[in-house]
Amino acid sequence: MAEELNPSTAEEEEQQIKPRKNGLYPGVSDELAESMASGWADTELHDLQPIAQATHTAARRAALSRRFPGERLVIPAGNLKTRSNDTEYSFRAATEYAYLTGDQTEDGVLVLEPTADGHTATIYLLPRSDRENGEFWLSGQGELWVGRRHSLGEAEQLLGLPAKDVRELPELLREATGPVRAVRGHDAGIEAALTDKVTAERDEELRVFLSEARLVKDAFEIAELQKACDSTARGFEDVVKVLDKAEATSERYIEGTFFLRARVEGNDVGYGSICAAGPHATTLHWVRNDGAVRSGDLLLLDAGVETTELYTADVTRTLPINGRFSELQRKIYDAVYDAQEAGIAAVQPGAKFRDFHDAAQRVLAERLVEWGLVEGPVERVLELGLQRRWTLHGTGHMLGMDVHDCAAARTESYVDGTLEPGMCLTVEPGLYFQVDDLTVPEEYRGIGVRIEDDILITEDGNRNLSDALPRRAEEIESWMASLKG
């Protein structure tokens, strides 16, 4: 990794470019500065077409404007975060910002200024690096180091919004009058400029509204979620094809294999992949992925591709590493499959959000009583929640730009709410028998099974967006054999 140049102190003060300590060059000669400031072609892009979701982002902003008339609304993208010393994590724009703009660049801020009949929306962005003062090659975030960014004019064409220099925004916000709301937690500089103008309560109302606005997906979002699920299915196929290599190494091989698909076909993984082999499958969020992969054990793979527009799938399959379930593994797997079938059947427009969870939990409680692992009757087990020792978690959650989407929504709109067409959620029951659980027979211990699919509520029922992957035990075995064959 190359090191940045180190301008002299005088030049730093003039250019406001921070030098790197211990850089190999003590300064920049006048001749070099003059050379670097000239002789470059004009690379401005013209006649750009709006991004695919521009009409959708405009509609989302209009809904936001209607909800908060007469108030200034500030929604930042966020800033780069330091990974170590002078390296940064890959940037991922704040969900609220990307949802309302379609833009994904760091330091961007969307501002809705109130007018007599609504709002005027402006996006504040970093302009192209300045070549006159050397920023583009002397600054660590200059374009020579990190790549070209769109000019403000190009951004206007792409996003359908007036674009201004974000470096001017803090002062404008400090001078602003009237009520202001902001999305917090992403840009400390913007929050500092608004410190005497906002309240936590009012800002939370904005955050809640934007979370609830994403409960029902528009056509663009549904297409992105389908794309994410399709890529995820291919990622699962990739994993099955290399299970022999994972056996020779570790769960990391599985993680890396799926990550390759996510990066080639999308932006990233939507969350840390859970590549849990053997007893690790009983740990709900096993993301260390450093364990052994052994023939005869099960692999619980919970992973999702995030598309370039930041919509993620969230799919789980539990696979026999050698391609065949043992009798006990299959018994437990079939119980989880039956629970998932009951849960999916309960996902209908007009149903309560809790219905699919209750349906799946009832099936699992029935099996646990049948197997003699908990004392019935089933109604008693469910009333006391005794099945939770082995089922552990809720049966699903909303899905979208965040893997646990709409998390800030009010309880009455989400968990206690009613399902509507356009909502997308996961159905993911599981059974987990810990290695140290002395209340179950020894042969159960260390077995964990989860099956998860992404379900879109439609006008007349539901659609499984991730149905490209098999779910029945016999279909799993046939699918694995065909891929390995």
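User: Two strands pair if DSSP finds at least two bridges between them. How many bridges join strand S16 to strand S17?

Analyst: This is a predicted model, in which local features need pLDDT of at least 70, side-chain atom pairs count only at pLDDT 80 or more, and totals for chains, interfaces and linings use all residues. Residues are numbered from 1 along each chain as its sequence is written, while side-chain values use heavy atoms, without hydrogens or water. S16 spans residues 453-458 and S17 spans residues 461-464, and the two run antiparallel. The number of bridges joining them is four.

User: Thanks! Which residue of S17 stands opposite Leu456?

Analyst: S16 and S17 form a hairpin, with two residues between the strands. Across this hairpin, the residue opposite Leu456 is Arg463.

User: Let's move to S4. Which strand is joined to S4 by seven bridges?

Analyst: S4 covers residues 109-115 and runs antiparallel to strand S1, residues 72-76, with four bridges between them. One of the residues involved is Ile75, whose bridge partner in S4 is Leu110. The strand that shares seven bridges with S4 covers residues 118-125, is also antiparallel to S4, and is S5.

User: And which residue in S5 stands opposite Leu112?

Analyst: S4 and S5 form a hairpin with two residues between them. In S5, the residue facing Leu112 is Ala121.

User: Happy to look at a loop next. Is Gly272 buried, partly exposed or exposed?

Analyst: Gly272 sits in the loop between strand S8 (268-269) and strand S9 (274-277). Buried means under 20% relative accessible area and exposed means over 50%, with partly exposed in between (1.4 Å probe, protein chains only). Gly272 has a relative accessible area of 42%, so Gly272 is partly exposed.

User: How far apart are the C-alpha atoms of Gly272 and Asn289?

Analyst: Along the chain, Gly272 and Asn289 are 17 residues apart. In space, their C-alpha atoms are separated by 9.9 Å.

User: Now the whole chain: how many strands does the protein chain have?

Analyst: Helices (H or I, at least four residues) and strands (E, at least two) are DSSP runs, numbered from the N terminus. The C-alpha atoms fill a box of roughly 80 × 55 × 40 Å, taken along the principal axes. Alongside 18 helices, the number of strands in the chain is 17.

User: Last one: among contacts between residues at least 6 apart in sequence, what share joins residues at least 24 apart?

Analyst: The protein chain has 485 residues, and buried ones make up 50% of them. Contact means heavy atoms within 4.5 Å. Among contacts between residues at least 6 apart in sequence, the share joining residues at least 24 apart is 68%.
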